[in-house]
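Open the model in your viewer and get your selection tool ready. We will go from stop to stop, choosing something to select and then saying what is there.

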Amino acid sequence: MKKLIVLAFAATPLFVHAQDDLMRKIESNHSYVTTPNAPIPDKKGAAPKSNDPDRKYEFNTIIDLEHTSVRNQASSGTCWSYSTNSFLESEMMRMGKQPIELAEIFSAHCVYLDKADAFVRMHGAVSWGDGGECHDVINMYAKYGAMPQEVYTGLQYGTTKNKFAEMQAILKSMLDAVVSNPNGKLTPSWKKAYDDVLDSYLGAIPEKFKWDNKWYTPKSFAEERVGIHPEDYVELQSVTTEPYYKKAMFMVPDNWAFQRAYNVQMEDLTDIIDNALNKGFTVAWAADVSEKYFSWKNGVAYVPEKDYDDMDDSEKKYMFNGPKDERVITPEMRQKAFDDYETTDDHGMHIVGMAEDQNGRKYYKVKNSWGEKNDYKGYLYVSKAYVRYKTTAILLHKNGIPNKLRDKMNL
């Protein structure tokens, strides 16, 4: 055991959290303006006139569906759990139920149990880390249930916010030792040792708990208080390499469960989201957010006509100062970005509404899980072009999908 711990801490620099790396990568993505209503100086430093249409974004709400408050995943790669549990909370509200803040780290704990089994069964040939997918939350809900955040915070290691780097370094070192098979045959002890470490950092999952003066198990809480039916939820992707309207392997590293998703055409992605929002369904959204034209600080993402490398300094500096013309996205362009690693599976968020800018262009209102420290207090406005280009997958209730597409998928 001592050797495992030494190996774990020796490996820690290699396990600097992907979430922290992502935040560092995009922290400079913002324009001169730091708040939505701040006047923007012109190139000579003078403030523009108040009627200048390019001085800032102005978003008018079209749809704003019920959702719970913004949370902060902190230094953990659990965006998939935060976004999809947020989605389930909105589903409760849509069904007329009392919204309950669900325990995101309960879902993550369950995933780390199942992912360890997959890692060992595959002799280590499975991506490891905090990462996961929207479907993981649905799968864990079906298998293990759900819990309120108040009952299971996952904070057992002396901090008030998630900080998973040390835990993941130790877990990975243990699993690497197991798959190296030093005894020539695996013992039954490795799983208990692994589970004990996970419990030490996140807390043991209670077999039953009291909530609102009633005792529940995670399974009974899911059935009686949350009340969704896992089989009603559908995950969709869009690639040109597989037949449309059939299930195909979701080819991203964090799909450790080897889940298949329905393949739809690029334009279907936004058609489905539009239809869902208009019918009162929110959408869990997985996407690449590592682009220069994704600004967490300014709370805006779009696809500029020019590549970033082709912009002059002024265009780069004022990229998010107000609406700009966008590139026309094609399926071929989208697929090429996947194939050459320009599009990667970075982040999970929750689409809760729609808005339009002062020029009439529509954007999706997106709830993030990075706290409230941006210009829109934890929300972003993402253009349809960006969603068509950089979405990796969406997950929603099947009734949010247009009937003609459901028929094609036999849903």
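**First stop: a loop residue**

Keep in mind throughout that this is a predicted model. Begin by selecting Tyr-152, which is found in the loop between helix H5 (134–144) and helix H6. Is Tyr-152 buried or exposed? Its relative accessibility is 3%, so Tyr-152 counts as buried.

Now show what surrounds it. Leaving aside neighbours within four places in sequence, Tyr-152 is in contact with Ala-103, Ile-105, Phe-106, His-109, Met-147, Leu-202, Gly-203, Ala-204, Ile-205 and Pro-206. Pick Ala-204 from that list: Ala-204 is 52 residues from Tyr-152 along the chain, but their C-alpha atoms are separated by 9.0 Å.

**Zoom out for a moment**

Display the whole protein as a cartoon. You should find 13 helices and 13 strands. Of the 411 residues in the protein, 56% are buried. Among the contacts with a separation of 6 or more, 76% are between residues 24 or more positions apart.

**Helix H7**

Next, select residues 190–202, which form helix H7. How far apart are the end C-alpha atoms of H7? They are 18 Å apart, which agrees with the 18 Å that its 13 residues should span at 1.5 Å a residue.

Colour Trp-190, Tyr-194, Val-197, Leu-198, Tyr-201 and Leu-202, the buried residues in H7. They cover an arc of only 115° around the axis, which puts them on the same side of H7. What covers these buried residues includes helix H4 (104–121) and helix H6 (165–179). Step just past the end of H7 and you reach Gly-203, with a positive phi of about 100°.

**H4 against H7**

Keep H7 on screen and add H4. The two helices pack at an angle of about 155°, with their axes 11 Å apart. That makes H4 roughly antiparallel to H7. Their crossing is right-handed.

To see the side chains at this meeting place, show Ile-105, His-109, Tyr-112, Leu-113, Ala-116, Asp-117 and Val-120 from H4. They meet Trp-190, Lys-191, Tyr-194, Asp-195, Leu-198, Asp-199 and Leu-202 in H7. You have already seen two of the H4 residues, since Ile-105 and His-109 are among the contacts of Tyr-152.

**H4 against H3**

Leave H4 in place, hide H7 and select helix H3 (residues 79–94). The axes of H3 and H4 come within 9 Å and cross at roughly 130°. H3 and H4 are therefore oblique to each other, and their crossing is right-handed. On the H3 side, look for Trp-80, Ser-81, Tyr-82 and Asn-85. Their partners in H4 are Glu-104, Ile-105, Ser-107, Ala-108 and Val-111.

**Helix H5 and its surroundings**

Move on to H5 and colour its buried residues: Cys-134, His-135, Asp-136, Val-137, Ile-138, Met-140 and Tyr-141. What covers them? The cover includes H3, H4, helix H8 (218–226), strand S4 (233–237), strand S7 (283–287) and strand S13 (391–397). After H5 comes Gly-145, with a positive phi near 105°.

Now bring H8 into view beside H5. Their axes come within 8 Å and cross at roughly 110°. That makes H5 roughly perpendicular to H8. Tyr-141, Ala-142, Lys-143 and Tyr-144 in H5 meet Pro-218, Lys-219, Ala-222, Glu-223 and Val-226 in H8.

**Last stops: two backbone surprises**

Most residues other than glycine have a negative phi. With that in mind, select His-123, in the loop between H4 and H5. His-123 is not a glycine, although it has a positive phi of about 55°. Is His-123 buried or exposed? His-123 is exposed, with a relative accessible area of 66%.

Finish at Asp-212, in the loop between strand S2 (209–211) and strand S3 (214–216). Asp-212 also has a positive phi, near 55°, in a residue other than glycine. Its relative accessibility is 54%, so Asp-212 counts as exposed.

Conventions. Residues are numbered from 1 along each chain as its sequence is written. This is a predicted model: local features need pLDDT of at least 70, side-chain atom pairs count only at pLDDT 80 or more; totals for chains, interfaces and linings use all residues. Side-chain values use heavy atoms; hydrogens and water are left out. Helices (H or I, at least four residues) and strands (E, at least two) are DSSP runs, numbered from the N terminus. The expected span of a helix is 1.5 Å times one less than its number of residues. Buried means under 20% relative accessible area, exposed over 50%, partly exposed in between (1.4 Å probe, protein chains only). The arc is that of the directions from the helix axis to the C-beta atoms. Contact means heavy atoms within 4.5 Å. Axes are lines fitted to C-alpha atoms, for helices over the stretch in contact, and angles run from 0 to 180 degrees between N-to-C directions. Angles under 35 degrees count as roughly parallel, over 145 as roughly antiparallel, 65 to 115 as roughly perpendicular and the rest as oblique. A crossing is left-handed if the near helix is turned anticlockwise from the far one by less than a right angle, and right-handed if clockwise.
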